[in-house]
Amino acid sequence: MTKILFLSAGGAAGTLSRYWLSGVAQKLAGGSFPAGTFAVNMLGCLFFGTVWGFFENRLLPGSEIRLLALTGFMGAFTTFSTYMFETAELVKLSQITTALFNVVGQSLVGLFLVLTGIALGRLI
């Protein structure tokens, strides 16, 4: 039951954070590019890498803190399925260049930020 409570608390926080951040980023960026989802996914990659790097050798794999942060919060915060849907919509609207930029940009920047986050987490 404790695990379910940790997952629920993390999931609620992740969902609310994603909703707020994606809305703010999209409003600031404007346009048809899904900047809100891009911002959430990139921050999510950095946060996941940082938390993973920090807890990697400090906690047991079944730790409630890891469960709360990575499975609960990050599972609700990141928006990969939304990212793929928005990319498909761009393709459907014949905005192929924008769709390709979305896929390549999130993949490359996300990989870089996960690696950066792991390094940062190990330094903390």
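## Two residues inside the fold: G105 and T50

Once its neighbours within four places in sequence are set aside, G105 is in contact with F38, M42, L100 and G110. The structure described here is a predicted model, and within it G105 has its place in helix α5. G105 has a relative accessible area of 12%, and therefore counts as buried, the cut-off being under 20%. From G105 to A88 the separation is 17 residues in sequence and 15 Å in space, taken from C-alpha to C-alpha.

A second buried residue can be followed in helix α2, where T50 lies. Its relative accessibility is 18%, so T50 also falls under the 20% limit and counts as buried. When neighbours within four places in sequence are again left aside, the residues in contact with T50 are G117, I118, L120, G121 and I124.

## Helix α4 and its two sides

Helix α4 runs over residues 80-92, and its 13 residues, at 1.5 Å a residue, should span 18 Å; the C-alpha atoms at its ends are indeed 18 Å apart, so the expected and the modelled values agree. The buried residues of this helix are Y83, T87 and L90. Viewed down the axis of α4, these buried residues fall within an arc of 55°, which means that they line one face of the helix. A general rule helps in reading such a pattern: an α-helix has 3.6 residues a turn, so residues three or four places apart point the same way.

The buried residues of α4 are covered by parts of the structure that include α2 (35-55) and α5 (96-123). On the face turned away from this buried side, α4 carries the exposed residues S81, F85 and K92. Just after the helix, S94 takes a positive phi of about 65°.

## A single salt bridge

How many salt bridges does a search of the whole structure find? The search finds one, and it is formed by K92 with E89, whose closest N and O atoms are 3.3 Å apart. In general, side chains of opposite charge can pair when their charged atoms come close. Both K92 and E89 lie in helix α4, three residues apart, which is about one turn of the helix. The two partners can also be described by their accessibility: K92 is exposed, with a relative accessible area of 61%, whereas E89, at 25% relative accessibility, counts as partly exposed.

## Aromatic pairs

Searching the whole structure gives seven aromatic pairs. In one of them, the rings of F48 and W52 have their centres 6.3 Å apart and their planes at 5°, and the pair is therefore stacked. F48 and W52 both belong to helix α2, where they are four residues apart, or about one turn of the helix. F48 is partly exposed, with a relative accessible area of 34%, and W52 is likewise partly exposed, with a relative accessible area of 34%.

Another pair is made by F73 and F77, whose ring centres are 5.4 Å apart and whose planes lie at 15°, so that this pair too is stacked. These residues are four places apart in helix α3 (residues 64-77), and are thus separated by about one helical turn. Both F73 and F77 are buried. Elsewhere among the aromatic residues, ring pairs link F33, F38 and F101 into a cluster.

## The nonpolar core

Which residues make up the largest nonpolar core? This core has nine residues, namely L21, V40, V51, F55, A69, L70, F73, M74 and F77. Helices α2 and α3 each supply at least two residues of the core, and the largest share, five residues, comes from α3. Within the core, V51 touches A69 and L70, not counting residues up to four places away in sequence. As a general tendency, nonpolar side chains in soluble globular proteins tend to be buried together.

## An exposed leucine

L123 lies in helix α5. Is this residue buried or exposed? L123 is exposed, with a relative accessible area of 72%, because a value over 50% counts as exposed. L123 and G44 are 79 residues apart in sequence, and their C-alpha atoms are 19 Å apart in space.

Note on methods. Residues are numbered from 1 along each chain as its sequence is written. This is a predicted model: local features need pLDDT of at least 70, side-chain atom pairs count only at pLDDT 80 or more; totals for chains, interfaces and linings use all residues. Side-chain values use heavy atoms; hydrogens and water are left out. The expected span of a helix is 1.5 Å times one less than its number of residues. Buried means under 20% relative accessible area, exposed over 50%, partly exposed in between (1.4 Å probe, protein chains only). The arc is that of the directions from the helix axis to the C-beta atoms. Contact means heavy atoms within 4.5 Å. Rings of Phe, Tyr and Trp (its six-membered ring) pair if their centres lie within 6.5 Å; planes under 30 degrees apart count as stacked, over 60 as edge-to-face and the rest as tilted. A salt bridge is a side-chain nitrogen of Lys or Arg within 4 Å of a carboxyl oxygen of Asp or Glu. A nonpolar core is a set of buried Ala, Val, Leu, Ile, Met, Phe, Trp, Tyr and Cys residues joined through side-chain atoms within 4.5 Å.
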